[in-house]
Amino acid sequence: MLQLTRISKSYTTGDFTQKALDGVSIAFRDNEFVAVLGPSGSGKTTMLNIVGGLDQYDSGDLVIDGVSTKEYADRDWDTYRNNRIGFVFQSYNLIPHQTVLVNVELALTLSGVSPKERRTRAMAALDEVGLADHIHKRPNQLSGGQMQRVAIARALINDPEILLADEPTGALDSATSVQIMALLTEIAEDRLVIMVTHNPDLAQQYANRVVNLYDGEVVADTNPFDPAAEVAESGKRVRRTSMSFLTALALSFNNLMTKKGRTLMTAFAGSIGIMGIAAILALATGVDDYVRGIEEDTLSVYPLTIQSQGFDTSTMLAMSADLSEEAFGSGSGEGGEGGNVREIQSIGRMFSSVGSNDLVALKDFIDSDGGGIADSVSMIEYTYNVTPQIFTTSGVGAGALPGGVRQVNPDTSFSALGFGSGMTSNSLMAAQMSTNQFNQLVGDTSLIEPQYDVVAGDWPSAHNEAV
Ligand code: ADP
Ligand code: MG
């Protein structure tokens, strides 16, 4: 049941205000065919639009099934329009580049109906208005009467309780108008149809109630309805607007595709930003990782070592540069003897620049994390010049010791020649020819494990193991 109570509506254009409806009070039965008559500009369309929720009233109230719409939210209006109202306009409002079938189907996309059912129902609605043979035509291939039938089929596909038609025959010849009126009469058999028309004859002939509007007021009503006299109806089922996820997806995709250029540009611009950030991050972490990798590799092969004795290489180089300058500066023939003297001098100075480090104090310093050194290093190791004495019983050959064993580390093979670890007269030579093949393994093998493949045995886990 629809009831308008003292509905007013004005339109303001510039500083001119036009009152379109002036306190209209009227109620409609759930099932009747109402014709609204009135001169042009009397407010017929405005009233129809307010009843259908297409336009908002300024004051008064529209009561639907006994419920005021004053507090309606947008969603409530959507639900009302989509589920309970069907619209037919004088100008048909069909989508020109879509077929008749699609035009009708489209009205169902917001109702959460599956595509298959949409098609079935659209075909049925088109059959009902006598257009079964024309479903694949486009609107411009149809006559005016046929286009209005498509519009009626579209309005009916949701099976609305209320059909609103604004001058549906306004653009049609009288013969076609009669057909449309007959169709609307049929439709009005089980619902409320409110039709605006210019034609009093058609109204009289087909409608069972004629309402006259003049200057935004109801001036005549052939069959008034007083809802207070009727028994209040119990609450009706309300169908909410819903849309399946797939339909929503398809509609969004369609929308994106109709604006291909913009979509593409937006996507492109967006991805440039994202790719740019990603590239910079990747590069930064990549370079960081690379530098860290190089540092670790290098330091594990060439660690910084501090020995008990050491000499300052840079001063040594500086000294030898000084010496060669002297040699070239004054050397004018009799340099032979002088050169020898200088060589001896430079070697002498080299040994005099060798200093000894206080490793005990250094270890104390490091152990107490002096200078926060622990944060800047991967590992600190101490070595004590231990040369493991290793013997073997297999492959005993030259240089065998009594008892059939042979020392393999330090290797004694060269000692017979006067080299190696034995006491030789040339200790410098002995250092050069050191046959100690063993290096102390660092305490934390995680640093070196990735750099080696163990081809036999395992990583040592105790202090007396070797690999
Ligand atoms: P009808 O359908 O009976 O011809 P309308 O309801 O369309 O009359 O219009 C009623 C009055 O309101 C007219 O004077 C019209 O000029 C005015 N009107 C309608 N719609 C608008 C609008 N959107 N903006 C300004 N004035 C409007
Ligand atoms: Mg109008």
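**Briefing: ligand 1 site, second pocket and selected residues**

Thr-45 places a polar side-chain atom 2.6 Å from an oxygen atom of ligand 1. The model is predicted. The points below cover the surroundings of ligand 1, the second largest pocket, and a few individual residues.

**Ligand 1**

- The residues around ligand 1 are Tyr-11, Gln-18, Ala-20, Pro-39, Ser-40, Gly-41, Ser-42, Gly-43, Lys-44, Thr-45 and Thr-46.
- Two backbone contacts accompany the side-chain contact of Thr-45: a polar backbone atom of Gly-43 is 3.0 Å from an oxygen atom of ligand 1, and a polar backbone atom of Ser-42 is 3.2 Å from an oxygen atom of the ligand.
- Thr-46, one of the residues surrounding ligand 1, belongs to helix α1, which spans residues 44-51.
- Thr-46 is classed as buried because its relative accessibility is 9%, under the 20% limit for that class.
- Leaving aside residues up to four places away in sequence, Thr-46 is in contact with Lys-9, Tyr-11, Ala-20 and Leu-21. Tyr-11 and Ala-20 also appear among the residues around ligand 1.

**Second largest pocket**

- The second largest pocket holds about 380 Å³ of space. Its lining is made up of 15 residues, and those closest to the pocket centre are Arg-81, Asn-82, Ile-85, Phe-87 and Ala-107.
- Three elements, α2 (74-84), β6 (85-88) and α5 (144-156), each give at least two residues to the lining of this pocket. Strand β6 has the largest share, with three residues.
- Sorted by class, the lining consists of eight nonpolar, five polar and two charged residues.

**Asn-103**

- Helix α3, residues 100-106, contains Asn-103.
- With a relative accessibility of 2%, Asn-103 counts as buried, since the limit for that class is under 20%.
- The Asn-103 side chain comes within 3.2 Å of the backbone oxygen of Gln-98.
- Beyond four places away in sequence, Asn-103 touches Leu-94, Ile-95, Gln-98, Pro-139, Val-150 and Arg-154. Gln-98 is thus both a contact residue and the partner of the Asn-103 side chain through its backbone oxygen.

**Positive phi angles**

- Most residues other than glycine have a negative phi.
- Asn-93 is not a glycine, yet its phi is positive, at about 55°. Asn-93 sits in the loop between β6 and α3, and its relative accessibility of 39% makes it partly exposed.
- Asp-369, likewise not a glycine, has a positive phi of about 55°. This residue is found in the loop between α12 (359-367) and β13 (390-392). Asp-369 counts as partly exposed because its relative accessibility is 35%.

**Ser-356**

- Ser-356 is part of strand β12, residues 354-356.
- At 59% relative accessibility Ser-356 is classed as exposed, since that class begins over 50%.
- Along the chain, Ser-356 and Ser-308 are 48 residues apart, while 5.6 Å separates their C-alpha atoms.
- Apart from residues up to four places away in sequence, Ser-356 touches Ser-308 and Gln-309.

Methods:
Residues are numbered from 1 along each chain as its sequence is written. Chains are lettered from A and ligands numbered from 1 in the order in which they are written. This is a predicted model: local features need pLDDT of at least 70, side-chain atom pairs count only at pLDDT 80 or more; totals for chains, interfaces and linings use all residues. Side-chain values use heavy atoms; hydrogens and water are left out. On a 1 Å grid over the protein atoms alone, a cavity is a set of points where a 1.4 Å probe fits but cannot get out, and a pocket is an open set with protein on both sides within 12 Å along at least five of seven lines; lining residues have an atom within 4 Å of a point. Grid points are joined across faces, edges and corners, and a volume is the space filled by probe spheres set on the points. Helices (H or I, at least four residues) and strands (E, at least two) are DSSP runs, numbered from the N terminus. Ala, Val, Leu, Ile, Met, Phe, Trp, Tyr, Cys and Pro count as nonpolar, Asp, Glu, Lys and Arg as charged, and the others, Gly among them, as polar. Buried means under 20% relative accessible area, exposed over 50%, partly exposed in between (1.4 Å probe, protein chains only). Contact means heavy atoms within 4.5 Å. A residue is near a molecule or strand if one of its heavy atoms lies within 4 Å of it. A polar contact is a pair of N or O atoms within 3.5 Å; within protein, one must be able to donate a hydrogen and the other to accept it, and residues adjacent in sequence count only if both atoms are side-chain atoms.
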